[in-house]
Amino acid sequence: MESAFAIIAEPSRRAILSLLASSERSVGDLEEQLRLPQPSISKHLRVLREAGFVEFTVDAQRRLYRLRPEPFREVDAWLAPFRRFWSAHVDALERHLDRLDQPIRTKRKRRRRR
């Protein structure tokens with residue numbers, strides 16, 4: 001079996017996984033969203049299913065595909081040592097956004113009362 005990295009290296013498969021991350025979808029939904037022919041979508045779904053990335057349930061005449069989390073653990077484990085490179089940047093971005101949310105203090109001139 002191919003590694004998780006070889007499976008997700010293909011751009012159309014990554015696009016399918018991205019769509020399935022938000023909700024389960026039928027082949028027709030994926031076909032419409034990705035503008036790929038149905039045989040191509042089915043081929044990629046078969047590869048993803050055989051690798052364990054997706055599973056499906058049958059709903060009348062259609063199959064609804066959804067993600068399975070287990071294969072993503074291999075990818076997550078590989079990425080773990082690299083998280084330190086971006087976590088500092090994410091923390092800095094969060095601090096910057098917090099500063100933007102704070103009201104701007106301006107000096108106001110006081111009027112003299114007579």
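What follows is a working chat about a predicted model of one protein chain.

Colleague: Before the details, how many helices and strands are there in the protein chain?

Modeller: Keeping in mind that this is a predicted model, the protein chain has six helices and three strands, and from the N terminus on its elements run α-α-β-α-α-β-β-α-α.

Colleague: Hm, how do those symbols fit with α3 and α4, and where do they sit?

Modeller: For positions, α1 covers 4-8, α2 covers 11-22, α3 covers 27-34 and α4 covers 38-50, and each of these four helices supplies at least two residues of the largest nonpolar core.

Colleague: Which residues have the most contacts inside that core?

Modeller: The core has 18 residues, and those with the most contacts inside it are I16, L30, L45, L48, F53 and V54.

Colleague: Take V54, then; what does it touch?

Modeller: Not counting residues up to four places away in sequence, V54 touches L17, L20, L45, L48, R49, Y65, R66, L67 and R68. L45 and L48 are also among the residues with the most contacts inside the core.

Colleague: Changing topic to H44: is it buried or exposed?

Modeller: H44, which has its place in helix α4, counts as buried because its relative accessibility is 4%, and the cut-off for buried is under 20%.

Colleague: And what is H44 in contact with, leaving aside its neighbours within four places in sequence?

Modeller: On that basis H44 is in contact with E10, S12, R13 and I16, and I16 is itself one of the core residues with the most contacts.

Colleague: Now the charged side chains: how many salt bridges does the count come to?

Modeller: The count comes to six salt bridges. One of them joins the side chains of E55 and R68, at 3.4 Å from N to O. That pair links distant parts of the chain, with E55 in strand β2 (residues 54-59) and R68 in the loop between β3 (62-67) and α5 (70-79), 13 residues apart.

Colleague: Are E55 and R68 buried or exposed?

Modeller: Neither label fits, because E55 has a relative accessible area of 30% and is partly exposed, and R68 is partly exposed as well, with 26%.

Colleague: What other salt bridge does R68 make, and with which residue?

Modeller: The side chains of R68 and E70 meet in a salt bridge at 3.3 Å, N to O, and E70 is partly exposed, with a relative accessible area of 37%. Through shared partners, salt bridges join E24, E55, R66, R68 and E70 into one network.

Colleague: What about R62, which residue does it pair with?

Modeller: R62 forms a salt bridge with D59, and the closest N and O atoms are 3.5 Å apart. R62 counts as partly exposed at 40% relative accessibility, while D59 is partly exposed with a relative accessible area of 35%.

Colleague: On to the surface: which residues form the nonpolar patch?

Modeller: The patch on the surface is formed by F5, W78, F82, F85, W86 and V90, which together have about 600 Å² of accessible area. Helix α6 (residues 83-101) gives the most to this patch, with three residues. W86 is found in helix α6, and W86 is partly exposed, with a relative accessible area of 39%.

Colleague: Last one, how much of the protein chain counts as buried, and what is its accessible surface?

Modeller: Of its 114 residues, 23% count as buried, and the accessible surface comes to about 9,400 Å², of which 51% belongs to carbon and sulfur atoms.

Key:
Residues numbered from 1 in each chain as written. Predicted model: local features only at pLDDT ≥ 70, side-chain atom pairs only at ≥ 80, totals over all residues. Heavy atoms only, no water. Core = buried A, V, L, I, M, F, W, Y, C linked by side-chain atoms within 4.5 Å. Buried < 20%, exposed > 50% of the residue type's maximum accessible area, 1.4 Å probe, protein only. Contact = heavy atoms within 4.5 Å. Salt bridge = Lys/Arg side-chain N within 4 Å of Asp/Glu carboxyl O. Areas by Shrake-Rupley, 256 points an atom, 1.4 Å probe, with all protein chains shown as cover. Patch = residues over 30% accessible without salt bridge, like charges linked within 9 Å, V, L, I, M, F, W, Y side chains within 5 Å.
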